Every structure is written in C-alpha cells, then in structure tokens.
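Hi everyone, thanks for making the time this morning. Have a look at the structure on the screen, and I'll talk you through two topics: a ligand site and some aromatic rings.

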Amino acid sequence: MEPGPRSRPAEPGPCVSASPSAGAALPASGAEPGSRPAAVAAVLPAGGCGERMGVRTPKQFCRVLGRPLISYTLQALERVCWIKDIVVAVTRENMEEMRNIIQRYGHKRVSLAEAGATRHRSIFNGLKALAEDQPDGKLTKPEVVIIHDAVRPFVDEDILLRVVIAANEHGAAGAIRPLVSTVISPSADGCLDHSLDRAQHRASEMPQAFLFDVIYDAYQQCSDYDLEFGTECLQLALKYCHTKAKLLEGSPDLWKVTYKQDLYAAESMIKEKISQEICVVVNTKDEESVGYLLKEALRNELNCINITSTPLDLPGRDTQNFLMAQCYSFIHVNVVSSDSHETQRFLSIIEESSLPLLYPVVVVLVCFLDFTLVPLTQKMESLVWIRDLAKEVKKSNVLLSGLLINHSQLALTV
Ligand SMILES: Nc1ccn([C@@H]2O[C@H](COP(=O)(O)OP(=O)(O)OP(=O)(O)O)[C@@H](O)[C@H]2O)c(=O)n1
Ligand SMILES: O=C(CO)[C@H](O)[C@H](O)COP(=O)(O)O
C-alpha cells in the first residue's frame with residue numbers, strides 16, 4: 001500500500017519516500033548530519049502473552065474492529081516505503097496465525113523470527129534474522145534498524161524518520177513522552193523513600209532506532225540478567241556500546257496497548273481516524289446536481305471532516321484512484337431511479353478493492369425520490385433490495401444502509 005501525500009513528514013528537500021518502489025535504498029550513511037541512512041529495517045517484538053490484558057489471546061492478536069491489533073501496526077510501518085524489511089518475532093505456536101494475518105491483510109516486506117522468553121530475547125532473535133545471511137537471501141543487514149513494539153499501532157512516518165535520522169547521527173535514538181504520574185522509590189518497608197522530580201524525567205516509548213552494528217553488538221554482549229529482566233534497549237546501547245541515545249519527543253499516540261482499556265481506546269482512535277473522510281459518490285458530473293449540493297450541505301454541517309465527491313462513472317483506473325484515497329465512509333447518491341444496478345456496481349468496486357480488508361467500509365445509499373409521483377408504500381416496497389443487498393455485502397465488511405429523501409420537498413439548504 002503506497003502512502004498518500006498526507007503521510008509525508010514535513011521535511012526539507014525531496015522525499016525519497018515518494019519513490020514508487022517499496023524499500024527504496026536511501027543515500028548511504030556517513031553523509032551530513034540530518035541526512036537519511038542507507039537501507040532501514042524494523043524489528044517488531046510480538047512474542048508476549050499479554051498477561052496484563054487479562055484475556056487468553058495475546059494482545060497483539062486481539063481484534064480491533066474485527067482485525068488483529070498487530071495488523072494495524074504492520075500497516076502503519078508499511079505506509080513507510082523506505083523501511084525495506086520488517087521482522088516480526090512471534091512464538092512458535094503463533095507462527096501459523098501470524099502467517100495467516102500476513103496473507104489475509106496483504107502485508108508485504110514481513111519476515112518472521114522466533115520470539116524468546118523475554119522481550120529482549122525476542123528483539124535479539126529479530127536482529128539475528130537481519131544480521132546473518134539468510135538461505136533465501138531475502139533479508140539483508142540494514143544500516144539502521146527500528147525497534148517498535150507490535151502493540152503500538154499508532155506510529156507515523158514523521159517519528160520513524162526522526163528516530164532513524166537521529167540514530168544515523170548518534171548511534172541510537174528513541175521517542176520519549178512526559179511522565180503522567182510521578183515516579184517514586186519505595187523503601188524496603190513499603191513506605192516512600194523518595195520521589196523523582198517529574199519535570200526532570202521522561203517516559204521511554206517506541207519507536208527506537210539504532211545503527212545496526214551498535215544494537216547488535218550490545219545484544220551480543222548482553223548479560224543473561226539484562227536479557228531476562230531488562231526493558232530498555234537504549235540502556236543496552238549505553239551500557240555495552242557507550243552510545244548515548246538521542247531522545248526525541250513523540251506524540252501522545254505512541255502509547256503501548258497494555259491493559260484492556262487500552263484496547264478500547266485503540267478502537268475509538270481507529271474509528272475516529274477512519275471517520276475523518278467522507279466521499280460523496282454521485283451518478284452524474286453535473287456540479288448542480290442534488291448529489292453535489294448534498295456534498296456542500298454536508299461540508300457546511302460537518303466542518304471537521306473532509307468531504308469530497310466524485311462521479312461514479314469513472315473508467316476503471318480512476319475509480320481505483322478514488323478508492324486509494326483511503327476513505328472508508330461513502331455516501332452513494334442515487335437520484336435518477338431506485339433501481340439497484342448502479343449501487344451494486346459501486347459496491348462491487350468497493351468489495352474488489354482492498355479497503356474492506358483493512359477497515360469496515362460504511363456506505364449510506366441516499367435515494368432522492370419524488371413521492372408526489374409514487375405513493376410512499378410503493379416506493380418502500382421497491383427499495384426492499386437495499387436490505388437484501390446490505391445482508392450480502394456485510395460478509396465483505398461493507399456496512400450498507402439506505403436513506404430515502406422526498407425529492408419534491410427537499411430543501412438542500414438544510
Ligand atoms: N517474550 C516477549 C515478551 C514481550 N514481547 C513483545 O514486546 C512488546 C511489549 O511488551 P509488553 O507490553 O510487556 O507485552 P507482553 O509481555 O505481552 O505483556 P505482559 O507483560 O502484560 O504479559 C509486545 O509487543 C510483546 O508482544 C516479545 O516480543 N517477547
Ligand atoms: O517503553 C518501552 C521502552 O523501551 C518498552 O516498550 C517497555 O519498557 C517494555 O516493557 P514491558 O515489555 O514490560 O511493557
């Protein structure tokens with residue numbers, strides 16, 4: 001899935017990301033500070049059991065809007081075309097499920113490594129998969145490697161690019177966030193020993209990025225204790241490679257799904273993100289038509305949402321373009337008649353696209369009919385096909401509903 005223009009970070013100079021081929025090699029490292037490194041890979045530790053989530057399914061496989069959480073994280077990383085390889089570390093018993101997710105949701109550039117008993121061991125296994133020449137030659141050792149928890153689905157190209165550029169310059173870099181709670185240190189008897197000055201401390205988040213040789217060397221030297229009980233990759237780079245990571249302020253979205261309420265929050269955020277765009281699909285190019293007037297009325301009412309419109313009678317390729325705008329909410333306006341053919345054609349275009357794979361697609365069919373010509377009861381009977389069609393397309397994750405508007409009394413200034 002090639003990222004749209006809005007996924008570009010604001011940055012000077014041409015964005016290599018605009019290159020069409022995924023994983024395009026970037027200018028070699030060693031160039032000026034702030035320049036891009038050579039090929040970049042990512043390691044996603046996904047071998048945990050999600051004990052704090054309190055459910056049987058490991059949280060990375062818990063479904064949000066019907067789709068496993070890890071698939072959202074993979075989609076976020078795949079929108080970044082300069083990440084050449086993504087290595088996901090999963091347990092042996094979850095390998096098959098992970099392969100099914102990769103196949104079902106069309107994830108590319110993804111390879112699997114076996115997770116370890118701890119997060120650090122899983123990450124180390126992911127790095128080994130990149131370090132050692134693979135028999136199939138699929139993976140190559142990157143100059144910079146991103147490490148990102150599989151359960152942090154809201155990551156964008158901007159922070160990924162920033163940590164990668166900083167790692168290229170400093171050897172290591174990581175996203176941080178202000179502390180929400182104050183950190184305290186309890187004494188042996190369970191009482192307060194001292195508290196840390198919250199303003200002087202930050203929470204370490206993900207993504208993090210490293211010169212590959214720095215972090216791989218650190219893991220190779222890592223003590224069993226650190227592999228077993230450590231939680232901070234930046235600390236390994238400091239302790240074993242004397243590399244002080246550059247710390248970069250990240251956005252509030254970078255949080256890690258840990259408890260059940262985090263899953264509810266993730267679902268709300270995803271719903272909000274996909275409902276920010278509405279596309280009004282009309283069966284005419286006449287800008288004076290009811291469909292276009294409806295778009296303007298919606299734009300005036302829903303000023304926080306991006307409302308676009310497009311005529312349905314686009315040749316195939318153009319149709320695909322409007323689908324690739326990553327819109328998941330459509331208003332299909334049927335003015336001329338209440339027959340189903342045009343709506344069915346539109347829905348089949350949606351079903352054949354990859355949109356319903358990634359998110360539920362909402363289609364509101366708006367039929368403008370003049371009731372003075374035909375009694376309402378007769379019209380409702382002629383629209384019963386909408387209910388049957390809705391049952392059919394729901395199987396493809398398309399949610400269809402119908403709205404009947406009496407055209408003769410319509411005042412589109414509403
Ligand atoms: N042996 C492990 C443990 C954790 N992780 C991964 O590391 C990330 C962050 O770890 P955490 O939030 O602690 O996940 P869990 O260990 O699954 O959670 P819990 O501690 O609640 O069991 C997750 O993507 C998790 O799958 C991993 O790859 N291998
Ligand atoms: O915040 C982080 C910075 O590296 C890690 O995601 C966090 O430390 C992982 O710890 P745990 O696996 O116990 O949640």
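Which strand gives the most to the shell around ligand 2? That's strand S10, residues 202-211, with four residues. Please keep in mind that this is a predicted model.

Around ligand 2 you'll find Arg52, Arg119, Asp149, Arg152, Ser204, Glu205, Met206, Gln208, Thr231, Glu232 and Lys256. By type, that shell has seven charged residues, three polar and one nonpolar. Now the polar contacts to oxygen atoms of the ligand. Asp149 has a polar side-chain atom 2.6 Å from one, Arg152 has one at 3.0 Å, and for Glu232 a side-chain N or O atom is 3.3 Å from an oxygen of ligand 2. On its own, ligand 2 has 370 Å² of accessible area, and the protein covers 77% of that.

On to the rings. There are eight aromatic pairs in the structure. Take Phe124 and Tyr219: their centres are 5.5 Å apart and their planes at 20°, so this pair is stacked. Phe124 belongs to helix H3 and Tyr219 to helix H5, so the pair ties together parts 95 residues apart in sequence. Both rings' residues are buried, Phe124 at 13% relative accessible area and Tyr219 at 1%.

For Phe330 and Phe346, the centres are 5.6 Å apart with planes at 70°, so that pair is edge-to-face. Here strand S14 supplies Phe330 and helix H11 supplies Phe346.

Back to Phe124: ring pairs link it with Phe212, Tyr216 and Tyr219 into a cluster. The charged end of Lys128 also sits over the Phe124 ring, 4.3 Å from its centre.

Terms used. Residues are numbered from 1 along each chain as its sequence is written. Chains are lettered from A and ligands numbered from 1 in the order in which they are written. This is a predicted model: local features need pLDDT of at least 70, side-chain atom pairs count only at pLDDT 80 or more; totals for chains, interfaces and linings use all residues. Side-chain values use heavy atoms; hydrogens and water are left out. A residue is near a molecule or strand if one of its heavy atoms lies within 4 Å of it. A polar contact is a pair of N or O atoms within 3.5 Å; within protein, one must be able to donate a hydrogen and the other to accept it, and residues adjacent in sequence count only if both atoms are side-chain atoms. Accessible areas come from the Shrake-Rupley method with a 1.4 Å probe; for residues, only the protein chains shown count as cover. Helices (H or I, at least four residues) and strands (E, at least two) are DSSP runs, numbered from the N terminus. Ala, Val, Leu, Ile, Met, Phe, Trp, Tyr, Cys and Pro count as nonpolar, Asp, Glu, Lys and Arg as charged, and the others, Gly among them, as polar. Rings of Phe, Tyr and Trp (its six-membered ring) pair if their centres lie within 6.5 Å; planes under 30 degrees apart count as stacked, over 60 as edge-to-face and the rest as tilted. Buried means under 20% relative accessible area, exposed over 50%, partly exposed in between (1.4 Å probe, protein chains only). A charge sits over a ring if NZ of Lys or CZ of Arg is within 6 Å of the ring centre and within 35 degrees of the ring normal.
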